[in-house]
Amino acid sequence: MELGKIAENADESSAESSDNKIFPYVDETLNDMQAAHFISAAYDGYESCASNYFYEASCKIKLEDNEASFVLGDPFGEQGKLVLIEVRDFYSDEYARLVVKQFENGQERDDLCSEEISFDKSSDNQYEICVTAFPEVEGITGSLLGISVNNENIGDFEVEKFPLGTVGTYKRRGTKPVYFDDFEVLDLYAEPSKVIFKEDFEGNFVNELVEYSYENEATSAFSPYHIDIDDSEEGKRLSVKAGFVLSPAKAKPAPSFRRTFVTEDKEIENAYLCLTALGSVDAYLNKQKVTDNFFDPGKMSFTDHLNFVVYDVTSFVEKDNELQFDLFHGFFDRGVGYPETGGGWDGLLGVKGVLSIKYKDGTKQIIATDDSFEVCVDTRYRFNDIYNGEVIDDRFNADNSKYTSVLVDSVSEKYLKVPLTLKKNPGIQIAETLDCVDVSEPIPGTFVYDFGKDFSGTISIKKEALFAAGAKEGSVCTFRYGEILNSENLINSDDVPGTVFVENLLSADATDYYIPGGAFEYSEEDISFSHTYHGFRYVQITGLEKAIDKEAIKGLFISSAIKETGSFTCSNEIINQFYDNSKNSMRSNMMDVPTDCAQRDERLGWCGDAQMTSLFGMYQYDSKLFYENYVKEMVAMQTEEGMYMDAIPVRYTFGGHNCWGDAPVIIAWNLYLQYGDKEILEDNFDSFARWIDYLKNTSEDYYRDGGGYGDHLSAQGTPGSLSDTAWCAHSSRLVAKMAQILGRDDDYSRLNEIAEAFRAKWQETFIKSDASVETGILTDESETAYALGIDFGLFEENYERMAIDRLKLLTEYGLYMFYPGYSGMDSYLPALSKGGYGEDAIKVLSNTEPGGIAYPLTMGLTTNPEELGAFKNTDDDGNEFDNGGYVVRGSLDHAAYSAVCSYLFTGILGIKPDEEKPGYQHFFIEPTVQGLEYASGSFCSKYGEIAVFWNATDKVITCTVPKGSTCTLVLPDGSITELPEGQHEAYWN
């Protein structure tokens with residue numbers, strides 16, 4: 001068996017290039033899974049700090065027009081129970097406010113939050129918070145916190161009772177830094193009271209909160225974790241930009257489950273391992289890892305269904321066997337990076353599965369997860385988090401004495417009831433292994449490694465290289481990740497030049513730690529942080545005496561295992577580089593579901609980004625199963641009212657906004673046209689129709705202003721109502737077409753009427769009564785406004801020509817900058833080309849001036865940023881910074897602008913499906929040849945490769961029509977030729 005192949009990982013209707021097979025035993029496997037139970041691990045962290053209930057804790061916070069929290073937590077740190085004492089300093093010049101909040105497992109608990117209390121604002125913006133915890137107070141079941149600020153008694157607050165095991169800070173993302181100083185915790189049980197935690201950032205620190213084993217390596221009370229120290233005129237202090245900064249706690253190491261068994265004395269026909277999890281699982285059979293996939297069973301709507309994966313492990317089975325599962329957080333309770341949006345799914349981690357061994361005599365042996373397994377919670381994987389990183393400590397080893405009984409079906413009851421569904425989309429695997437191209441030492445002992453391009457993934461290091469560079473047992477090696485480096489001209493630089501820039505990561509810590517020692521010290525195993533991932537080009541390593549040889553460290557680019565089937569090149573190298581950058585951004589953000597970005601505290605399945613980029617994704621990759629899975633997740637989370645979420649999968653409800661909520665309809669329609677499979681329409685039509693009814697019901701006489709994101713990140717202002725109403729008309733039209741295709745005549749009539757009503761309202765509201773090319777056709781003009789009207793067919797024929805001409809004028813007046821945002825991004829260039837203005841489209845595509853879509857190429861980016869103005873050389877008033885200064889903001893690896901590359905296939909190459917014969921049974925080739933000398937490209941349809949090459953100088957085009965397909969070739973001079981399968985060459989006048 002080839003490692004990493006999920007046995008059920010594909011569908012025969014995918015492109016012919018796919019080498020996957022359908023898993024043949026779905027019903028049989030589901031039947032076997034009835035014998036399985038969720039098994040989980042219990043953690044006992046409170047005993048080690050049982051005396052830490054009665055204490056006084058204090059710190060100083062320096063903030064202005066901002067908010068930040070002093071955090072007191074239990075021994076499990078960020079994964080445990082936390083109390084946040086939050087100061088809000090932005091209300092007025094006279095008063096500030098304090099609110100006490102409780103978090104658990106990284107999520108805010110609404111049921112335990114207090115009301116805000118006002119108090120006098122500090123004249124110097126410094127707040128000294130003092131908290132006294134009383135564990136035994138008559139009449140309350142929890143603890144009572146007496147809180148004062150600047151010696152003013154604020155009040156008493158009842159919170160859930162827990163022993164103090166960690167101290168630190170929290171700050172909401174997106175605001176300027178806050179400074180903390182003079183942390184101190186006194187044990188009030190002791191007589192006299194005893195300091196058990198102290199940190200003044202001047203070299204004086206104590207941490208006796210929990211038994212922790214890094215004291216010999218500690219440089220602060222927060223060791224071994226990286227913290228940012230601000231060396232101000234007032235002295236050294238902790239600088240916090242976003243997220244949690246907590247002192248070390250016991251945390252919850254990844255549990256390892258095991259069971260031994262003996263096979264029967266018979267010849268084995270096959271053996272399959274079937275697994276699902278609340279979390280992610282690494283599975284081993286006889287010490288061999290059964291897959292190279294990351295984060296299986298993946299990202300899903302855990303409360304609606306649980307995907308299960310199946311591995312063929314026939315070749316792994318022996319007479320005497322050991323089955324092992326290591327359980328990590330994955331996309332479960334670490335599913336969202338910042339708590340204000342709501343956390344991931346809640347509850348205990350668990351794994352559920354069966355090893356099914358089928359003998360040639362027809363009998364089976366079932367090894368199911370139940371109380372026959374045992375578990376160790378003291379493993380080398382001390383911490384793991386998608387956003388914050390991983391801690392691997394090789395001084396810990398799961399030896400036999402540490403195994404105890406498992407918890408059986410102790411997960412939340414809701415997860416015991418949801419159905420199991422086969423995971424059909426490809427797993428996440430290594431797409432590319434990158435060599436390090438350069439290593440530098442910007443400050444002594446800090447080594448920065450450059451992998452040459454921005455990507456999503458992790459690193460792998462030869463262990464012997466770590467030891468050769470000075471790593472030793474108990475020492476801490478720290479790995480920080482970033483997309484660019486700090487420089488002297490970077491105005492918002494967060495460290496010295498040459499170090500990694502991390503401000504744009506927001507609250508994502510994106511830091512890994514490795515501690516050598518024990519049984520693993522001399523093993524040949526490479527070190528890889530494979531239970532987290534980062535978006536980065538650079539990794540910064542500290543804790544070594546000298547640099548690791550760059551040949552010993554690799555970048556592992558991970559992504560959904562989708563085969564690349566498209567290609568494109570042309571005579572314009574700027575466009576070629578934009579295409580390469582777009583591929584990198586797509587790959588970085590195909591992570592079981594389409595995500596927006598790969599690096600910061602978000603990485604969400606934003607539906608607007610997904611629908612925009614889906615057509616390019618289907619031309620460039622064999623992505624049918626990938627997008628079908630995403631539609632499944634979106635439909636699963638639809639509300640009773642018909643609303644679709646704006647991002648999926650998430651555990652909380654927010655959505656209903658056009659362009660984002662329209663994603664299931666758009667992606668399903670693209671799937672139907674590209675792959676010709678009606679099943680996606682049949683399975684989801686009723687859901688799509690409910691969305692159209694939701695749009696109708698939430699509009700005002702077919703005028704809709706959903707209060708959503710509009711033309712998000714546009715450089716112009718397009719009214720949200722213009723965009724929303726246009727999208728309503730477009731989605732309604734597509735679902736009406738689906739009804740027609742499926743033979744649902746009554747539904748077609750009703751939905752077509754709705755589509756016409758939205759279209760009529762758009763025309764009535766936004767088209768001028770005195771429209772002309774010179775004065776404008778629309779009441780509110782922008783490239784997006786015209787592009788939507790043209791691309792969605794909202795204009796009558798006589799207005800459409802004028803609208804296209806007006807769009808060309810706006811493009812010229814705008815100096816070929818790229819103004820559309822998310823709503824109109826992938827409609828803009830097709831709308832220009834529709835009127836014969838392909839040369840203008842090429843000028844837009846290749847514009848490297850600030851504001852141009854290719855401008856980020858001039859800044860050395862290898863991916864597409866979130867905003868074209870990610871590198872800004874002016875202040876908010878438009879004044880240029882001195883000496884070439886610039887500001888960097890936002891994600892530098894965002895999927896959205898990759899959407900424009902669908903035009904390379906549909907416009908420049910001119911390859912378009914036929915709605916009447918979808919899936920490229922018949923298709924069109926109608927290239928746009930203005931503005932380029934030549935273009936060449938291909939993609940793999942289910943019938944085979946479709947290829948196009950044209951040369952504008954020689955006025956020649958060659959194309960390939962695959963077997964079983966036919967093509968209509970429309971040449972630039974307007975002549976039309978019908979082509980059968982085979983290779984063809986044609987000339988135009």
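1. Over the face of which ring does Arg382 lie, and at what distance from the ring centre? In this predicted model, Arg382 is placed over the face of Phe396, at 3.5 Å from the ring centre. A further arrangement of this kind involves Arg237, which lies over the face of Tyr179 at 3.8 Å from the ring centre.

2. Turning to ring-ring contacts, a search of the whole structure finds 55 aromatic pairs. One of them joins Phe295 and Phe331, whose ring centres are 5.2 Å apart and whose planes meet at 65°, so the pair is edge-to-face, the angle being over 60 degrees. Phe295 belongs to the loop between strand E21 (288-289) and strand E22 (306-312), while Phe331 belongs to the loop between strand E23 (320-328) and strand E24 (350-359), so the contact ties together parts that are 36 residues apart in sequence. Phe295 and Phe331 are both buried.

3. The rings of Tyr579 and Phe616 also form a pair, with centres 6.3 Å apart and planes at 70°, and this pair is therefore edge-to-face. Because Tyr579 lies in helix H4 (residues 573-588) and Phe616 in helix H5 (residues 607-620), the pair ties together parts that are 37 residues apart in sequence.

4. As to the surroundings of this helix pair, Tyr579 counts as buried at 2% relative accessibility, and Phe616 is likewise buried, its relative accessible area being 0%. Tyr579 and Phe616 also belong to one aromatic cluster, which they form with Phe568, Tyr619, Phe905, Tyr920, Phe923 and Phe939.

Conventions
Residues are numbered from 1 along each chain as its sequence is written. This is a predicted model: local features need pLDDT of at least 70, side-chain atom pairs count only at pLDDT 80 or more; totals for chains, interfaces and linings use all residues. Side-chain values use heavy atoms; hydrogens and water are left out. Rings of Phe, Tyr and Trp (its six-membered ring) pair if their centres lie within 6.5 Å; planes under 30 degrees apart count as stacked, over 60 as edge-to-face and the rest as tilted. Helices (H or I, at least four residues) and strands (E, at least two) are DSSP runs, numbered from the N terminus. Buried means under 20% relative accessible area, exposed over 50%, partly exposed in between (1.4 Å probe, protein chains only). A charge sits over a ring if NZ of Lys or CZ of Arg is within 6 Å of the ring centre and within 35 degrees of the ring normal.
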